[in-house]
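Work through the exercises below with the sequence and coordinates open beside you, and try each task before reading its solution.

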Amino acid sequence: QVQLIESGGGLVQTGGSLRLSCAASDAPSVAYAMGWFRQAPGKERECVAAITGKSDITHYLDSVKGRFNISRDNAKNTVYLQMNNLKPDARDVYYCTAGPVVSVNNGGDYWGQGTQVTVSS
């Protein structure tokens, strides 16, 4: 059973930066795509960014392009989300997901518990 452990969330001021990390245990790293979703209370979960196993394809939510960067270290089975120039609308719980496929609509087969990101204005 793949377990995903997120870290790096917290409180940051508008314009600041955070880096989220997600470590995957028992995952065949190169074979699995990984991604980050976020969800605000009362709203549907949305895909912020996703990356293939070999890092050859990435996807970003339009509103974060140019400010967020997804990367991975397969030797560590870890995916990162560098978030720069954060805006108050980024205040959400961020979830890591992984699987043979990560759909931008439904994510992957496995999910982490989530990490809270709060952006103060």
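**Exercise 1. Decide whether Gly112 is buried or exposed, and describe its surroundings.**

Solution. In this predicted model, Gly112 has a relative accessible area of 9%, and since buried means under 20%, Gly112 counts as buried. The next step is to place the residue in the chain: Gly112 is found in the loop between β10, which covers 110-111, and β11. When neighbours within four places in sequence are left aside, the residues in contact with Gly112 are Leu4, Glu6, Tyr95 and Cys96. A distance completes the description, for Asp92 is 20 residues from Gly112 in sequence, and their C-alpha atoms are 14 Å apart in space.

**Exercise 2. Find which cysteines form a disulfide, and characterise the link.**

Solution. The criterion is a pair of cysteine sulfur atoms within 2.5 Å. The sulfur atoms of Cys22 and Cys96 are 2.1 Å apart, and these two residues form a disulfide. The count by this rule comes to one disulfide. Cys22 belongs to strand β3 (residues 18-25) and Cys96 to strand β9 (residues 92-99), so the link ties together parts that lie 74 residues apart in sequence. The handedness follows from the torsion about the S-S bond, which is -80° and makes the link of Cys22 and Cys96 left-handed. As for accessibility, both Cys22 and Cys96 are buried.

**Exercise 3. Explain why Cys47 is too far from the closest cysteine sulfur for a bond.**

Solution. The closest cysteine sulfur to that of Cys47 is in Cys96, and because the separation is 11 Å, the two are too far apart for a bond. The accessibility of Cys47 is a separate matter: with a relative accessible area of 6%, Cys47 is buried.

**Exercise 4. Examine phi of Ser55 and of Asn77, and state where each residue lies.**

Solution. As background, most residues other than glycine have a negative phi. Phi of Ser55 is near 65°, a positive value in a residue other than glycine, and phi of Asn77 is likewise positive, near 55°. Turning to location, Ser55 sits in the loop between β5 (46-51) and β6 (58-60), while Asn77 sits in the loop between β7 (68-73) and β8 (78-83). Their accessibility classes must be assigned separately: Ser55 is partly exposed, at a relative accessible area of 36%, whereas Asn77, at 16% relative accessibility, counts as buried.

**Exercise 5. Characterise two strand residues, Thr118 and Ser71, by accessibility and contacts.**

Solution. Begin with Thr118, which lies in strand β11, residues 115-120. Its relative accessible area is 19%, and Thr118 is therefore buried under a cut-off of 20%. Apart from neighbours within four places in sequence, Thr118 is in contact with Gly10, Leu11, Val12 and Arg91.

Ser71 is placed in strand β7, and with a relative accessible area of 29% it is partly exposed. Not counting residues up to four places away in sequence, Ser71 touches Ile51, Thr78, Val79 and Tyr80. A further pair to inspect is Ser71 and Met34, which are 37 residues apart along the chain and whose C-alpha atoms are separated by 9.5 Å.

**Exercise 6. Summarise the chain as a whole: which elements does it contain, and how compact is it?**

Solution. The secondary structure amounts to zero helices and 11 strands, so that the order of elements from the N terminus on is β-β-β-β-β-β-β-β-β-β-β. The radius of gyration is 13 Å, close to the 14 Å that the globule rule gives for 121 residues, and the chain is therefore as compact as a globular protein of that length. Along the principal axes, the C-alpha atoms fill a box of roughly 40 × 25 × 25 Å.

For burial and contacts, 46% of the 121 residues count as buried, and among contacts between residues at least 6 apart in sequence, 56% join residues at least 24 apart. The accessible surface comes to about 6,300 Å², of which 46% belongs to carbon and sulfur atoms. The last step concerns charge: the chain has 11 positive and 10 negative charges, and the mean positions of these two groups are 6 Å apart.

Terms used: Residues numbered from 1 in each chain as written. Predicted model: local features only at pLDDT ≥ 70, side-chain atom pairs only at ≥ 80, totals over all residues. Heavy atoms only, no water. Helix = DSSP H or I, 4+ residues; strand = E, 2+ residues; numbered from the N terminus. Buried < 20%, exposed > 50% of the residue type's maximum accessible area, 1.4 Å probe, protein only. Rg over C-alpha atoms; globule rule 2.2 N^0.38 Å. Contact = heavy atoms within 4.5 Å. Areas by Shrake-Rupley, 256 points an atom, 1.4 Å probe, with all protein chains shown as cover. Lys, Arg positive; Asp, Glu negative; His and termini not counted. Charge placed at Lys NZ, Arg CZ, Asp CG, Glu CD.
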